[in-house]
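Visitor: Could you take me in for a close look at the ligand's surroundings, and then show me how that part sits in the rest of the protein?

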Amino acid sequence: MNTAVPPASIPLSVISPPLVAMQDLWVELGGRPILCGVTAEIARGRITAVIGLNGSGKTTLLRTLVGEYPYRGRIVFRCGHDHSRPNPEHVGYVPQRLIVDARMPLTVRDLFALALSSRPLFLGVSRRVVQRAEELLQRVGLREILDRPVDGLSGGQLQRVLLALALEPSPELLLLDEPAGGIDFKDQQKFYELIAHFNQETGITVVLVSHDLNMIRSFADRVLCLHQGKIIAQGPPQELLTPDHLARLFGTGTLRLAPVASS
Ligand SMILES: Nc1ncnc2c1ncn2[C@@H]1O[C@H](COP(=O)(O)OP(=O)(O)OP(=O)(O)O)[C@@H](O)[C@H]1O
């Protein structure tokens, strides 16, 4: 969590150019427009939360940033010296969930081998991969789980393994799609604390999709509100995440976001 948030009246882009700028972004899936003219900025070094009702296009937005969907419009990605389209090398992505076929005896070691090396699994996992996997797991607070079956991990452990995988090779932008969706409150809190720690320690830019307004209020610097494929508001959580404002943005009867805790 970044505490030094500039006043809302000063655009973030004046202080430092955004890491990602989306201009009039259109994405069609199955012949239907899903993102409709999205114009938004992702502030460098900050944690940005994307909120919206089910089906509003949040996952589509993240997958477009990761380069998975074709789009019309512009995405300017100002990473390092390269001002260009998103490059998978610079973007880490943690999906909502990993579906593991219980009939396939996949271990955490295998998962890292598949992700970090082009060598077929039947040739065994190289020492280099094992060492890198251990370093990455250490960063997310997991030790000695390399030989555990992926299918037997708790939801919280699995999300941290996916986070460790997304940290290779040192992305500048980390995209998290409801990263704590299926895990209990304690693990959720720990997961968000870990993200905030990475953000502070390395300055990594984070974009996370979440329905948990309390976590967003605690950990995010900026919020993008998506509704029916359009950005309808963006700004600091303190301004946007009031019950009145949310009701105005999304319409009272249709609001399905978790309630905001009274402070
Ligand atoms: N591959 C696809 N082909 C066709 N339509 C799709 C595809 N992926 C998503 N959609 C549709 O796009 C719309 C937005 O989906 P998306 O998953 O981006 O929403 P979301 O805001 O992430 O929803 P949720 O909060 O439920 O995860 C939905 O109507 C969905 O059915």
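Guide: Sure, let's start with the make-up of the shell around the ligand: 2 nonpolar residues, 8 polar and 1 charged. In that split, Ala, Val, Leu, Ile, Met, Phe, Trp, Tyr, Cys and Pro count as nonpolar, Asp, Glu, Lys and Arg as charged, and the others, Gly among them, as polar. Bear in mind that this is a predicted model, where local features need pLDDT of at least 70, side-chain atom pairs count only at pLDDT 80 or more, and totals for chains, interfaces and linings use all residues. Numbering runs from 1 along each chain as its sequence is written.

So who's there? Around the ligand you'll find Leu 29, Gly 30, Ile 34, Gly 52, Asn 54, Gly 55, Ser 56, Gly 57, Lys 58, Thr 59 and Thr 60; being near means that a residue's C-beta atom, placed from the backbone, lies within 6 Å of the molecule. Helix α2 (residues 58-65) gives the largest share of that shell, 3 residues.

Now zoom out. The protein has 9 helices and 10 strands, taken as DSSP runs (H or I, at least four residues, for helices; E, at least two, for strands) and numbered from the N terminus. Of its 263 residues, 36% are buried, that is, with 20 or more other C-beta atoms within 10 Å of their own, again placed from the backbone. As for contacts (C-beta atoms, placed from the backbone, within 7 Å), take those between residues at least 6 apart in sequence: 66% of them join residues at least 24 apart.

Definitions and conventions
A residue is buried if 20 or more other C-beta atoms lie within 10 Å of its own, exposed if 12 or fewer, and partly exposed in between; C-beta atoms are placed from the backbone. Two residues are in contact if their C-beta atoms, placed from the backbone, lie within 7 Å.
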